[in-house]
Structure formats: structure tokens, C-alpha cells
Amino acid sequence: MFERFTKSARSAVKGAAAHAERADADAVTEEHLLLALLDLEGGPSATALAALGVTGRRVSVESALAEARRRGGLTRADADALAGLGIDVTEIVAKVEATHGAGALAGGRRPARRWSGHRPFTRSAKDVLERSLRVALGRGDRHIGDGHLLLALAARPGVVADVLADHGATYTALERAMPAGPGTARAS
């Protein structure tokens, strides 16, 4: 499938791996893919993110992602659902961090064997890559561009899609803001 990726989509995937490396993460996640897309300049994803004002609020996006990591990866909807059952996630996080240290629920480094020197992709990040193919095919494109990756991130329920939506970048908004052209056109 990687052979179908455009140069900008490959750059995003490589950028995601670089973000994982800098964070000393065990694997490349959806979050790393989003951060890499925020780094790209001039492509369809950059145009859409800028048009929706997400690029200018990168610090807010990173803060929201960090807060979700602090909650152990729970989405805000998950936390709200638990609150409806009388479970205060904020209180639980505070108690866990008081006992085990800041970021205890964020997941620590586990010993990972990387014989190749490369970080693996999490199942959810792989799902985004696979979904980007379906997005491209659904739009009549032969290649997978960075715009398809962004749409796939927004389409997959979870923390990254929630953070994007909280910043005004829902799937529908992104699709409307996405310029026509390589990686996003309805016909190649």
C-alpha cells in the first residue's frame, strides 16, 4: 500500500515516526500522524488545517492531546460517560498521579525489541493508514495523499478525531476545506 502514497503522504508517515522517536514512544500513534500533518506545508492537509484555524492553534491541539494521554487515552466522551455514572476521571487521575507520579496513566516506555531500529505502528495508526486508502478510493483517487491521511484521522473515532473536532476540524469541515488536487481530488 505504501507505494500508493504520494510524496507528501510519505513525508507525513516519516514525520510521524520522527515524532515518535523524539517522544521516545514505543510505537507510532495516531497522535504522531496528526502532529506530522501539522508540520507539513503547502499540501492539501496544510491548506485545510490552516483554513479551519487549526494550524494557528497548534499549542492548544498539543495540550489537548497531552491531556488525553494523561487520562490514559480516554476521550472526553468517555470521561463524560463515566461522569454520568458518578466516576470523576479527573479525581482518579489526580489520585493515581499522587501515588505513582505525574503522567502515570499516559503509559510509560516498555522494553521494546526493535531489531530494525524502526518503531512499529500501533494498531490504530495502521487502521488510519488503511482507512486513508478507503478514503482515496471513495473519492476516486488512485494515490493516497496527505489529505486522505487527515480525513482518515478525522473519520476514526478516538482522541485525535475528538481533538480535531474540538478545534473545528470535523471530517465534514475538513472535506469542505480540502482543496481539489493531488491527494484529494474526486478524480485523478
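**Exercise 1. The two sides of helix H1**

Which exposed residues does the face of H1 turned away from its buried side carry? Work this out on the predicted model, starting from the helix length.

Solution.
- Step 1. Helix H1 runs over residues 7-22, and its 16 residues should span 22 Å at 1.5 Å a residue. The end C-alpha atoms are 22 Å apart, which agrees.
- Step 2. List the buried residues of H1: Ala9, Ala12, Val13, Gly15, Ala16, His19 and Ala20.
- Step 3. Viewed down the axis of H1, these buried residues fall within an arc of 160°, so they line one face of the helix.
- Step 4. The face turned away from the buried side carries the exposed residues Lys7, Lys14 and Arg22.
- Step 5. On the buried side, the packing partners are helix H2 (30-39), helix H4 (58-70), helix H7 (123-138) and helix H8 (146-155).

**Exercise 2. The nonpolar core**

Find which residues of the largest nonpolar core touch the most other members, and trace the contacts of Leu164.

Solution.
- Step 1. In soluble globular proteins, nonpolar side chains tend to be buried together.
- Step 2. The largest nonpolar core here has 41 residues, and those touching the most other members are Leu34, Leu65, Leu149, Leu150, Leu153, Leu164 and Leu174.
- Step 3. At least two residues of this core come from each of H1, H2, helix H3 (44-51), H4, H7, H8, helix H9 (159-166) and helix H10 (171-177).
- Step 4. With neighbours within four places in sequence left aside, Leu164 is in contact with Leu34, Leu49, Leu150, Leu153, Ala154, Ala169 and Thr170.

**Exercise 3. Glu30**

Decide whether Glu30 is buried or exposed, then list what surrounds Glu30.

Solution.
- Step 1. Glu30 is found in helix H2.
- Step 2. Buried means under 20% relative accessible area. Glu30 has 11% relative accessibility and therefore counts as buried.
- Step 3. Neighbours within four places in sequence aside, Glu30 is in contact with Ser124, Ala125, Val128, Leu153, Arg156 and Val160.
- Step 4. With one of these residues, Arg156, the side chain of Glu30 makes a polar contact of 3.4 Å.
- Step 5. Glu30 and Arg156 also belong to a network of salt bridges that includes Arg123, Asp127 and Glu130.

**Exercise 4. Salt bridges along the chain**

How many salt bridges does the structure hold? Place the pairs Arg119 with Asp24, Asp39 with Arg58, and Glu67 with Arg70.

Solution.
- Step 1. The structure holds 11 salt bridges.
- Step 2. In the bridge between Arg119 and Asp24, the closest N and O atoms are 3.4 Å apart. This pair links distant parts of the chain, 95 residues apart: Arg119 lies in the loop between helix H6 (89-100) and H7, and Asp24 in the loop between H1 and H2.
- Step 3. Arg119 is buried, with a relative accessible area of 11%, whereas Asp24 counts as partly exposed at 39% relative accessibility. Asp24, just after H1, also takes a positive phi of about 55°.
- Step 4. For Asp39 and Arg58, the closest N and O atoms are 2.7 Å apart. The pair links distant parts of the chain, 19 residues apart, with Asp39 in helix H2 and Arg58 in helix H4. Asp39 counts as partly exposed, at 37% relative accessibility.
- Step 5. Glu67 and Arg70 form a salt bridge of 3.3 Å, N to O. They are three residues apart in helix H4, so about one helical turn separates them. Glu67 is partly exposed, with a relative accessible area of 35%, and Arg70 counts as partly exposed at 30% relative accessibility.

Conventions:
Residues are numbered from 1 along each chain as its sequence is written. This is a predicted model: local features need pLDDT of at least 70, side-chain atom pairs count only at pLDDT 80 or more; totals for chains, interfaces and linings use all residues. Side-chain values use heavy atoms; hydrogens and water are left out. Helices (H or I, at least four residues) and strands (E, at least two) are DSSP runs, numbered from the N terminus. The expected span of a helix is 1.5 Å times one less than its number of residues. Buried means under 20% relative accessible area, exposed over 50%, partly exposed in between (1.4 Å probe, protein chains only). The arc is that of the directions from the helix axis to the C-beta atoms. Contact means heavy atoms within 4.5 Å. A nonpolar core is a set of buried Ala, Val, Leu, Ile, Met, Phe, Trp, Tyr and Cys residues joined through side-chain atoms within 4.5 Å. A polar contact is a pair of N or O atoms within 3.5 Å; within protein, one must be able to donate a hydrogen and the other to accept it, and residues adjacent in sequence count only if both atoms are side-chain atoms. A salt bridge is a side-chain nitrogen of Lys or Arg within 4 Å of a carboxyl oxygen of Asp or Glu.
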